[in-house]
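Visitor: Could you take me through the model displayed here, with the criteria behind each statement?

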There are 2 protein chains.
Amino acid sequence: MLTEKFLLGRGREDLSAQEKQILEDSVAEVRSLPPRHRLVRAGQPVQTSTLLLEGFICRYMDDRDGLRQLVAVHIPGDFVDLHAFPMKRLDHDVATLGPVKVATFDHATLKTITERHPHLTQRLWFSTLLDAAMHREWIFRMGRLGAEGRVAHLFCEIYARLAMVGLAKDGCYTLPMTQPDLAEACGITGVHVNRVLRLLRERKLVTFRANTVEIMDPAGLASVGEFNPDYLYGTSATPAGAFA
Amino acid sequence: MLTEKFLLGRGREDLSAQEKQILEDSVAEVRSLPPRHRLVRAGQPVQTSTLLLEGFICRYMDDRDGLRQLVAVHIPGDFVDLHAFPMKRLDHDVATLGPVKVATFDHATLKTITERHPHLTQRLWFSTLLDAAMHREWIFRMGRLGAEGRVAHLFCEIYARLAMVGLAKDGCYTLPMTQPDLAEACGITGVHVNRVLRLLRERKLVTFRANTVEIMDPAGLASVGEFNPDYLYGTSATPAGAFA
DNA sequence: CGAGAATTTGACTCGGTTCAAACGGTGTGG
DNA sequence: CCACACCGTTTGAACCGAGTCAAATTCTCG
């Protein structure tokens with residue numbers, strides 16, 4: 001089932017079998033895309049939205065000098081640009097990190113869902129609000145944490161989210177990001193990311209090599225990143241609590 | 001009409017007279033609240049949502065040391081915690097800045113709306129996505145701008161939003177925030193906010209005194225803050241374009 | 001009028017940037 | 001199959017923006 005990871009660990013159980021089927025039947029197209037491929041450009045009108053099936057996607061904005069600020073990292077099960085449905089256009093770019101597989105939904109189809117299935121609609125709405133909750137946490141990260149904390153927090157967040165959809169365990173996961181990418185996500189320099197990674201490694205908290213994150217001390221890392229997974233709205237059965 | 005400012009300048013025209021009436025009739029209660037009053041505490045279950053009628057409200061999160069990071073500032077017409085309706089609980093606190101007047105909506109009533117009025121529901125959804133768009137811009141502000149730019153950007157954003165609902169003109173508006181408040185919104189120190197304000201004043205860009213913002217050079221301020229109002233999704237008739 | 005908060009300014013410190021250079025993978029074309 | 005080019009990674013040294021600490025001044029409100 002293509003949409004099996006959607007809201008997994010966040011109340012997907014709350015969807016009836018019929019609703020799950022409606023979602024599944026609403027997929028217009030499944031596509032594979034190469035790394036570093038831009039799906040949507042800021043400002044353009046959009047008629048479809050994208051559910052991420054495999055791989056990683058990011059959203060970002062450019063500053064005056066063309067430097068990027070990531071505003072979101074997406075993992076399988078995320079409805080990456082569902083907000084384009086009510087908004088019609090986006091205020092940021094959307095691009096793949098590594099290679100991905102995505103499912104596309106036509107906005108016309110989504111409109112039908114909103115007209116006929118209020119409860120499913122509310123769950124779709126909820127999924128966009130999860131993104132907003134993560135945005136807020138990113139604001140917190142940039143505003144209150146130093147460089148070390150920011151990187152630690154990001155590693156914790158992605159681990160917790162991947163664990164919820166069964167793509168991470170024992171503190172290990174694949175993350176197709178470079179050090180400059182991390183820098184763009186954390187609002188610091190690529191050079192400084194490197195120094196921070198060395199520190200975190202030396203303190204036996206986490207290592208990041210060859211696109212692989214290995215969290216050696218979850219509690220310690222969560223402490224450095226002041227990470228509390230409540231904002232991810234996982235259900236009680238969800239492994240996000242590993243950090244609690 | 002209590003709800004007259006809701007989505008004003010953001011496609012409120014798109015609502016039918018009937019829909020506007022439904023919204024108006026859904027108000028459960030109107031209340032006045034004193035400055036610095038906390039409406040919602042993070043984590044608590046919530047059964048109502050709040051439309052801000054008059055005054056200013058902020059949302060914030062605490063770090064380990066109890067220091068606050070503002071994640072949103074709300075102005076009249078904003079449905080401050082509508083996201084609590086699908087989410088059931090919030091990941092942050094909500095508090096007034098100055099004195100406010102608010103309208104309260106029961107979630108049971110909102111549920112009825114989502115079951116019977118898909119189009120109105122979509123506009124409610126849209127309003128929560130506007131908040132998410134502002135969150136993203138805040139991430140950008142914290143990640144890519146220096147202290148000066150952050151303060152400049154914030155002043156620009158609030159001006160553009162107030163102008164859309166008719167509460168600011170000629171670059172002037174009232175903002176019941178202290179310098180420490182600004183600091184909490186911008187991720188810098190209160191002391192440094194003071195220095196930045198002096199700089200901006202000396203450069204004849206903007207002054208902030210006695211809860212009053214006076215933008216003397218809109219274009220210059222927008223340039224320092226790398227401010228582009230597109231993310232506010234104003235309509236073409238909207239004064240937000242004053243900064244474009 | 002007095003208390004407590006907010007504003008303002010100065011001096012010193014420090015985290016993170018900038019600039020620079022070396023080193024390591026990896027894919028491509030000759 | 002190797003050479004080269006292009007990234008990404010790593011490290012060092014100098015610099016600077018913002019934080020910290022401290023104290024004086026002004027404002028606000030009971």
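The exchange below concerns the interface between the chains and one pair of helices.

Guide: This is a predicted model, in which local features need pLDDT of at least 70 and side-chain atom pairs count only at pLDDT 80 or more, while totals for chains, interfaces and linings use all residues. Residues are numbered from 1 along each chain as its sequence is written, chains are lettered from A in the order in which they are written, and side-chain values use heavy atoms, without hydrogens and water.

Visitor: What area is buried between chain A and chain B?
Guide: In contact (heavy atoms within 4.5 Å) are 52 residues of chain A and 52 residues of chain B. Buried area is the accessible area (1.4 Å probe) that two parts lose on being put together, summed over both. Carbon and sulfur atoms give 63% of a total of about 4,600 Å².

Visitor: How many salt bridges does the rule find across this interface?
Guide: The rule asks for a side-chain nitrogen of Lys or Arg within 4 Å of a carboxyl oxygen of Asp or Glu. Asp91(A) and Arg136(B) form such a pair, at 2.9 Å from N to O. Across the interface of chain A and chain B, the number of salt bridges is four.

Visitor: How are H5(A) and H7(A) oriented to each other?
Guide: The axes, lines fitted to C-alpha atoms over the stretch in contact, with angles from 0 to 180 degrees between N-to-C directions, come within 9 Å and cross at roughly 75 degrees. Angles of 65 to 115 degrees count as roughly perpendicular. H5(A) and H7(A), helices being DSSP runs (H or I, at least four residues) numbered from the N terminus, are therefore roughly perpendicular.

Definitions and conventions: Helices (H or I, at least four residues) and strands (E, at least two) are DSSP runs, numbered from the N terminus. Angles under 35 degrees count as roughly parallel, over 145 as roughly antiparallel, 65 to 115 as roughly perpendicular and the rest as oblique.
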